[in-house]
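This report looks at a sheet, the helix beside it and the enclosed spaces of one model.

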Amino acid sequence: MATIKLIIRQNKGSINKDGSTLILLRYTHKGQTMYFSTGLSVDPKDWDKSNQRIRKSEKGFTSKNMLLTKFKQKFDDIVHKALYDEIEPSASFIRSQYELDKTPTGEKRGKQGKQVHHNTWESFKFDFMEESRRTKKPSTIRSYNDFIHLLELYKKDRRIKELFWQSFTLDFYYDIMQFHIEERGASNNTFGKIIKTLKTFLNAATERGYNKFLEFKSKRFKVLQEEVSHIYLNEDEIQQLLDLDLDHDKKLKEIRDLFVIACYTGVRFGDFKQLNHQNIQDGRLRIKTHKTGQYVVIPFHPIVQSIIDRYSGKLPHAYSNMLVNRELKTIAKMAGMDKSTIRSRMHGVERVEQTFEKWELLSTHCARRSFATNLYKQGFPTISIMKITGHKSEKTFMRYIKVTEDEVANMLEEHWNNFQMTA
């Protein structure tokens, strides 16, 4: 009679540097024994020998135990099929069937005839990354790299040697949520981006027939997204920046001037690097945006025109985004933007509020929010603003609108006053 058991070895040579040891599956049939690695490790004190399970004291015990159950079930299925087919389930036969299951017929081979496992998660993620480099933008590739890096951190922390297609269960979802949000302090939106990327990878693998496990499509396996309390600058605050004397520092002056131009054009800072004098015609900025490929025409606000004139009809020099974000805070602090601002974000189910001075939160993207919000407050049609910002859905666009409760009240009050005057 065949026996299948999950075990750990505790002899000196099997203990890793961090004190953990590998979990093995031991298959025995008629005196013949073979061992198979599960790819998971555990601290011996956290191993429940009688139940062949990881104790609750181990981080990520739920998802790990789920993987162990599925790994053991694979061998049960092989044995039962062999018995059904009237085949002796010897240890060597089980080994051959296990290896065959890992390497399906038709799998590609490398130049030296070595098997290339494109159908495993660990290999597919790198194949998909390399393939994406030919079709995706650098920003997307960076997000893919961040995702893969986080998975490696998670595996190391949870002592998981390898992830499989069947690893991505709801238990995995809640465990990596705990790891990224509760243990690493990430926001819900940051975690949401990770899950969105994971779904992109898994959907691609599913379409190609590699992945057969679809628990990641569950509604509970969701991409977390919340409204974040970003700031914007009203027109008085933009003027506050312009009134600052920066003639002593050319770099700061160019950064300030380009930021103000962005506040009155809605252009992304990344797009300024591709612009030259040919994009400026008849008092308008004509640009094909890099992110969306949309062609937009933006008339110059008088303030923008005055800045352009000071630079002899050209745009100020565009510095790197990292440098600009750092120096913008310096400029805003010099301009006295020290009003207390509360930023509220969700960490798991807990709402965390932090208080900053406004200059601490200023960044390049604040310019686009300022452009959209100030036009919205002036009653300019939403659809027309979207034509300039390049937003295709009103839902996405409205995330840019950062009108405070008092400002909404002022807008309503002004509307009523105007209505009474015309009635």
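Which residues line the second largest cavity? They are S63, L67, Y154, I160, L163, S167 and F172.

## Basis of the model

The model is predicted, so local features need pLDDT of at least 70 and side-chain atom pairs count only at pLDDT 80 or more, while totals for chains, interfaces and linings use all residues. Residues are numbered from 1 along each chain as its sequence is written, and side-chain values use heavy atoms, with hydrogens and water left out.

## Sheet and helix

Three strands (DSSP runs of E, at least two residues, numbered from the N terminus) form an open sheet in the order β1-β2-β3 with antiparallel pairing, where pairing requires at least two DSSP bridges. Because β1 (3-8) and β3 (32-42) stand at the edges with a single partner strand each, one side of each has no neighbour in the sheet. From one strand to the next, the twist averages 25°.

Strand β2 (residues 21-29) is joined to β3 by eight bridges, and L25 has F36 as its bridge partner in β3. Helix α1 (residues 61-84) packs on the sheet and touches β1, β2 and β3, contact meaning heavy atoms within 4.5 Å. The direction of α1 makes about 160° with that of β3, axes being lines fitted to C-alpha atoms and angles running from 0 to 180 degrees between N-to-C directions.

## Cavities

The structure holds two cavities of 30 Å³ or more, a cavity being a set of points on a 1 Å grid where a 1.4 Å probe fits but cannot get out, with lining residues having an atom within 4 Å of a point. The largest has a volume of about 50 Å³, and its lining includes R268, D271 and R368.

Definitions and conventions: Helices (H or I, at least four residues) and strands (E, at least two) are DSSP runs, numbered from the N terminus. On a 1 Å grid over the protein atoms alone, a cavity is a set of points where a 1.4 Å probe fits but cannot get out, and a pocket is an open set with protein on both sides within 12 Å along at least five of seven lines; lining residues have an atom within 4 Å of a point. Grid points are joined across faces, edges and corners, and a volume is the space filled by probe spheres set on the points.
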